[in-house]
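Visitor: I keep hearing labels for parts of a protein and I'd like to know where they come from. Could you take me through a few?

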Amino acid sequence: MAHSVVIGGAGFVGSWVVDEILKTRDSKVTIVDNLISSEIWNISKDPRVVFIEGSAAEFDTLNRIQTPVDFVYQLACFHGNQSSIARPLDDFENGLKTTLTTLEWVKRTNPTARVVYSGAGCAVAEKTWAEPVAVTEVDSTSLFHDSPYSISKITGEMYCIYYAKQQNLDVVRVRFQNVYGPKEILGAGIWRGTINTIWRNAIPTFIWKAINDIPITIFGDEEAGRDFVYVSDIAQGVIAAANLGKSGEVYNLAK
């Protein structure tokens with residue numbers, strides 16, 4: 001029976017990934033989540049699921065997993081750009097430190113496991129209000145980022161490459177674009193309703209304002225666009241990368 005550990009498995013995307021894993025009958029899942037920006041009710045009631053409440057930035061939390069692991073999905077992060085700007089140390093603790101601790105834990109305890117890391121397209125693509133263009137995949141990135149969240153995400157990729165090339169871990173990176181769908185809410189966990197989260201999710205923001213007859217403000221000259229990807233498609237893409245992806249490579253998930 002394949003054993004998957006999902007870091008951030010109580011979150012919006014993480015809970016969908018857990019459900020996608022469980023579609024395979026011969027599978028079990030351990031969710032590790034500190035519920036900082038996620039919800040307890042997102043955790044699957046499937047008997048094949050074990051929940052460990054705690055931070056994956058701490059070895060003591062991960063060491064509670066005693067059985068061998070086949071896949072580790074690092075899907076945890078701080079809750080978005082605005083929160084990371086307001087609280088950069090919390091972004092580090094719940095983002096980059098979690099990634100590095102997870103990679104080192106896998107190296108020490110489950111060195112044959114495959115790690116799937118969730119990056120972000122916004123950490124690679126140039127910010128622009130003009131017509132969007134495809135970004136060529138090159139082995140360099142700008143030093144100029146507009147949020148600690150973006151810095152954590154791209155530095156997390158650098159650590160993944162280091163552990164794949166220098167420490168011989170089996171690591172696959174995926175990059176999310178703009179994910180939307182059920183269980184995405186205006187803020188989550190302890191961050192619900194705070195000034196740094198309440199309007200950060202575009203689709204639920206537009207829906208909430210529309211049904212409450214609140215004006216929807218569009219910034220810029222209306223030329224900019226965004227790619228929105230339904231959450232079940234992202235979950236399927238994550239599992240496809242886990243099962244079929246080439247070690248050390250990165251996959252941009254979009255549709």
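Below, each label is set against its cut-off.

Guide: One thing before we start: this is a predicted model.

Visitor: Okay. What makes Glu58 and Lys97 a salt bridge?

Guide: Their closest N and O atoms are 3.3 Å apart. The cut-off is a Lys or Arg side-chain nitrogen within 4 Å of a carboxyl oxygen of Asp or Glu, so the label fits. Side chains of opposite charge can pair when their charged atoms come close.

Visitor: Which parts does that pair tie together?

Guide: Glu58 lies in the loop between strand E3 (49-53) and helix H2 (59-62), and Lys97 lies in helix H4 (residues 88-109), so the pair joins parts that are 39 residues apart in sequence.

Visitor: Why is Lys97 called partly exposed?

Guide: Lys97 has a relative accessible area of 24%. Buried means under 20% and exposed means over 50%, so a value in between gets the label partly exposed. Glu58, at 35%, is partly exposed too.

Visitor: What makes Glu58, Glu93 and Lys97 a network?

Guide: Salt bridges link them. Besides the bridge between Glu58 and Lys97, there is one between Lys97 and Glu93, at 3.4 Å from N to O. Lys97 and Glu93 both sit in helix H4, 4 residues apart, which is about one turn of the helix. Glu93 comes out at 25% relative accessibility, so it counts as partly exposed.

Visitor: How do you know that Glu157 and Arg173 form a salt bridge?

Guide: Same check: 2.6 Å from N to O, and the limit is 4 Å, so the pair passes. Glu157 belongs to helix H5 (residues 148-165) and Arg173 to strand E6 (residues 170-176), 16 residues apart.

Visitor: Are Glu157 and Arg173 buried or exposed?

Guide: Buried. Glu157 has a relative accessible area of 3%, and Arg173 is at 8%. Buried means under 20%, so both get the label.

Visitor: How many salt bridges does the structure hold?

Guide: There are 9.

Visitor: And what makes up the nonpolar patch on the surface?

Guide: Ile207, Trp208, Ile211 and Ile214 form it, with about 400 Å² of accessible area together. Take Ile207, found in helix H6 (residues 202-211).

Visitor: Why can Ile207 be in a patch if it is called partly exposed?

Guide: Ile207 has 49% relative accessibility. A patch residue needs over 30%, so Ile207 clears that bar. Exposed means over 50%, so Ile207 stays partly exposed.

Notes
Residues numbered from 1 in each chain as written. Predicted model: local features only at pLDDT ≥ 70, side-chain atom pairs only at ≥ 80, totals over all residues. Heavy atoms only, no water. Patch = residues over 30% accessible without salt bridge, like charges linked within 9 Å, V, L, I, M, F, W, Y side chains within 5 Å. Areas by Shrake-Rupley, 256 points an atom, 1.4 Å probe, with all protein chains shown as cover. Helix = DSSP H or I, 4+ residues; strand = E, 2+ residues; numbered from the N terminus. Buried < 20%, exposed > 50% of the residue type's maximum accessible area, 1.4 Å probe, protein only.
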